[in-house]
Amino acid sequence: MLCRNVIVQRGLLAFILKPQTNKVIKRFKAKFKRHTGKREFKPEGKSTESLQKSKNENVVRTSSFSNFVELCVISSGGPGTPKSVILVTTNGSFVFNCGEGTQRIKNVCFKKFARIENVFITHKSWDNLGGLYGMSLGLAVAGVGKVTVHGPVGIESVVQRKAYMMLYDDIKTKLDIGRQSKAMTGFSNPDLSIDYVPLLPEKKEDLYNPPKDQESSSPLSQQLLSFYTPLSDPDCTYAYIIKPNPKNQVVNYQKCIDLGINDVSMVKQLRNGENATLSDGRIIYPDDVLTEKDIARPIIVVECPSEDYLYSLLRSEKLSECQGDYDDSAELVVHMSSYNMVNNPQYQQFIQRFPSSTVHMFLHEKTSNMTSEGMIQLQSILNMVHSDIFPRIHMGKQQMDNYQMENYIMAKPFMRYSYRPKLGISDELCIPDDIGSKMFTKLSNDEQFMKTVTDYKSLMSTKQLENNKSQYPEVAFLGTGSGFPGKFRNVTSFIINIDEDTSILMDCGDGTINQLYMLYGDKTDEILINMKCIYISHLHADHHLGLAGILLARKAALERAGKEYTKVYLLAPIRIKRWLHVIIDKTLHMKYYELIQLVPNEAFMSEHYRPADYKEEQNQALCQTVLSLINCKEIVAVPVNHYACATGVSLVHSSGWKIVYSGDTMPCQSLVEAGKDCDLLIHEATLQSDMAETAKELQHSTVKQALDIGNKMQAKYQILTHFSQRYHRIPLIEDNSSHKRFGLAYDLMKVKLSELSVLYDMINPLKEIFHEDIDLVMQVHTRKQNKSQLIKEISQSLSKEKS
């Protein structure tokens with residue numbers, strides 16, 4: 001009775017305890033739901049005109065909306081890293097720009113957003129498109145069947161299926177184009193709508209959108225306008241206006257109780273936007289009982305690729321609609337323009353047109369490139385074990401700018417802007433600038449760790465290293481994992497620094513350029529300029545997907561140094577021409593032969609191994625040029641037991657040293673013969689030794705198989721690499737006292753020939769340090785073995801019953 005009386009009588013609520021009030025409201029809600037038979041309060045039986053009238057009267061909104069909208073910075077465009085953000089809503093995730101390395105960062109820090117089905121590209125360039133291939137491979141594993149790519153005309157050539165099918169034949173994710181017709185100007189789903197905003201070079205802006213006081217009448221203009229829209233122009237770049245749907249107004253039951261409403265039909269009437277009259281004659285309006293109207297201000301993502309587009313940026317009517325001081329003004333603008341562009345006076349004029357309530361977030365090359373806390377922590381551990389072989393990571397610090405204001409923000413990787421709920425900017429997940437010093441302090445206070453390190457260093461002090469203290473050759477590992485980029489290991493790549501002016505890059509997986517910046521910092525340009533050759537062992541994505549990024553970075557380094565561009569010699573399978581045509585010709589808007597001189601790997605094979613359709617052409621002369629460039633007496637390529645076109649290679653320097661690289665392969669006799677008596681064998685060891693059957697299926701080697709090849713080759717020393725990502729910080733290495741001439745590769749490890757002997761002695765200390773990783777891998781492996789054995793026994797039992 002008390003509850004009923006509370007609903008009926010006004011003012012009595014003030015005398016009821018708070019817990020009792022909550023019960024009243026819950027019962028009132030339940031009564032309303034029982035009466036209407038619905039959980040959602042939506043107008044029923046209203047005509048289109050009536051609904052429109054309700055909308056015009058600013059009453060109940062019936063559109064769908066997302067309770068959660070958050071924009072996260074994947075990477076802010078610091079040296080070697082992409083500019084990319086992800087918008088997360090209750091029902092989906094949307095990526096804006098997908099440069100090289102995006103997949104690794106997303107895998108490590110944004111796992112819960114795996115099912116990305118829409119990617120939006122601002123400008124057609126490798127910086128924005130380079131990560132699409134890696135992303136599609138990762139999403140295929142996550143079970144995403146289709147990714148729709150939205151962006152300028154011309155990205156079709158990059159995302160067409162034939163362009164990336166060559167990476168893996170069984171890829172299951174299809175890349176589609178979001179712009180289904182010339183008339184399409186945007187995208188929408190139940191949570192939000194996204195408008196495409198065209199930005200054109202100045203001359204075309206006047207052609208398509210002449211000033212209103214002088215309509216264009218040239219024949220060319222009329223002809224173009226009859227066939228095209230600005231969005232369909234090949235030189236168009238896109239800005240995006242994101243409009244989250246506003247929250248629906250819902251009934252505030254406390255207000256109903258306070259106003260003395262005791263009839264659920266009246267609540268329904270008010271919910272539907274109609275006035276209600278109480279028995280005492282008072283008129284209750286919908287806004288009296290509904291929650292406050294939500295104002296969903298837009299978010300803008302914009303990139304101005306060059307000064308030619310500033311005119312269009314300033315004239316855009318769609319963008320100007322978001323610049324006034326009213327409810328339609330932008331809440332957040334994400335600027336992906338370069339540092340120099342942002343500081344251009346005309347661009348600053350564009351920024352200043354927004355009201356002071358608009359927040360501006362800048363992603364450009366002056367921001368931080370710290371995107372992997374796991375890598376920093378691992379390198380800190382290894383650095384304390386051996387500071388020369390494992391140098392500290394060069395972490396690009398956030399640089400201050402002259403436009404630092406309250407509503408201006410320099411983006412950092414993993415920075416979040418909480419749009420709904422309104423929590424604003426958070427850098428809680430960002431990697432702190434002092435992480436290196438904090439990690440050092442933490443490790444120094446770990447007694448067990450320090451004992452292991454001290455014991456190892458004491459052992460090293462009693463050993464005498466080789467008399468040859470030459471700085472060169474030096475091998476610097478940039479990626480030591482297989483398949484997909486992982487938290488601690490990027491995909492395959494390493495550099496052989498032959499002398500102070502000459503380097504050769506061996507394989508080039510996705511994100512290699514970022515690894516290069518982390519290893520060399522300010523000296524990266526010098527390394528790129530010295531890079532005379534690039535060797536690609538085969539055409540799997542984890543071995544060549546970073547090629548375009550390296551070529552572009554090298555070109556930019558030469559320009560910054562004021563040097564004339566010199567082609568890099570690319571030693572690769574002849575079939576890479578198809579990939580180069582798609583990536584460089586279509587994406588970078590230049591001919592691939594302007595950047596590189598292709599020399600087929602087949603040219604370095606003996607006639608015995610060359611394919612039947614091999615054509616000599618000018619390859620012999622090119623081979624001599626390559627030998628001269630890197631001061632080598634001999635380069636020998638051999639086919640290995642992996643997928644088509646895979647090769648291993650042996651380099652013999654004029655000073656006498658010999659380094660052999662296996663590429664991806666099963667145990668291979670041709671490699672043994674080519675690498676006889678080498679100083680260093682770098683061999684893949686994808687899986688642990690008791691997984692020979694799995695390794696055979698995947699056409700890879702186990703640790704034991706790789707070591708056996710080194711023994712047969714009589715290699716003086718061996719480094720194992722290309723580990724499966726199941727082994728996080730250390731692969732499983734069984735005790736092998738008969739073979740002490742090998743070591744383990746890690747990302748960002750630099751080792752000279754004179755230092756190789758210390759690597760074997762490092763294995764046991766690393767096992768102690770990473771014992772938890774080993775235990776975890778062993779547990780998982782044991783469970784899988786037990787499961788396989790059980791399935792095998794059941795299968796055998798069923799077979800016996802049938803027979």
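Which side chain is joined to that of N128 by a polar contact of 3.0 Å? The partner of N128 is the side chain of E303; Figure 2 returns to this pair.

The model is predicted: local features need pLDDT of at least 70, side-chain atom pairs count only at pLDDT 80 or more, and totals for chains, interfaces and linings use all residues. Residues are numbered from 1 along each chain as its sequence is written, and side-chain values use heavy atoms, with hydrogens and water left out.

**Figure 1. Overview of the protein chain.** The chain holds 32 helices and 30 strands; helices (H or I, at least four residues) and strands (E, at least two) are DSSP runs, numbered from the N terminus. Of its 803 residues, 56% are buried. Buried means under 20% relative accessible area, exposed over 50%, and partly exposed in between (1.4 Å probe, protein chains only). About 36,200 Å² of the chain is exposed, and carbon and sulfur atoms supply 49% of that area. Accessible areas come from the Shrake-Rupley method with a 1.4 Å probe; for residues, only the protein chains shown count as cover. Among contacts with a separation of 6 or more, 71% are between residues 24 or more positions apart; contact means heavy atoms within 4.5 Å.

**Figure 2. Surroundings of N128 in helix α5.** Helix α5 spans residues 126-129 and includes N128. N128 counts as buried because its relative accessibility is 1%. Leaving out residues up to four places away in sequence, N128 touches N97, C98, G99, I121, T122, H123 and E303. With E303 there is also a side-chain to side-chain polar contact of 3.0 Å. A polar contact is a pair of N or O atoms within 3.5 Å; within protein, one must be able to donate a hydrogen and the other to accept it, and residues adjacent in sequence count only if both atoms are side-chain atoms.

**Figure 3. Surroundings of S75 in strand β1.** S75 belongs to strand β1, residues 69-76. Its relative accessibility is 0%, so S75 counts as buried. The side chain of S75 makes a polar contact of 3.4 Å with that of T81 and reaches the backbone oxygen of P82 at 2.9 Å. Beyond four places in sequence, the residues touched by S75 also include K83, S84, I105, L363 and T371. V85 is 10 residues from S75 in sequence, with a C-alpha to C-alpha distance of 6.9 Å.

**Figure 4. The two faces of helix α17.** In α17 (residues 345-352), the buried residues are Y347, Q348, F350 and I351. Seen down the axis of α17, these residues fall within an arc of 150 degrees, so they line one face of the helix; the arc is that of the directions from the helix axis to the C-beta atoms. Exposed residues P345 and Q352 are on the face turned away from the buried side. At the N-terminal end, N344 acts as a cap, with a side-chain oxygen 2.8 Å from the backbone nitrogen of Q346.

**Figure 5. The covered helix α21.** Helix α21 covers residues 512-520, and 9 of its 9 residues are buried. Among them are T512, N514, Q515, Y517 and Y520. G521, just after α21, takes a positive phi of about 55 degrees.
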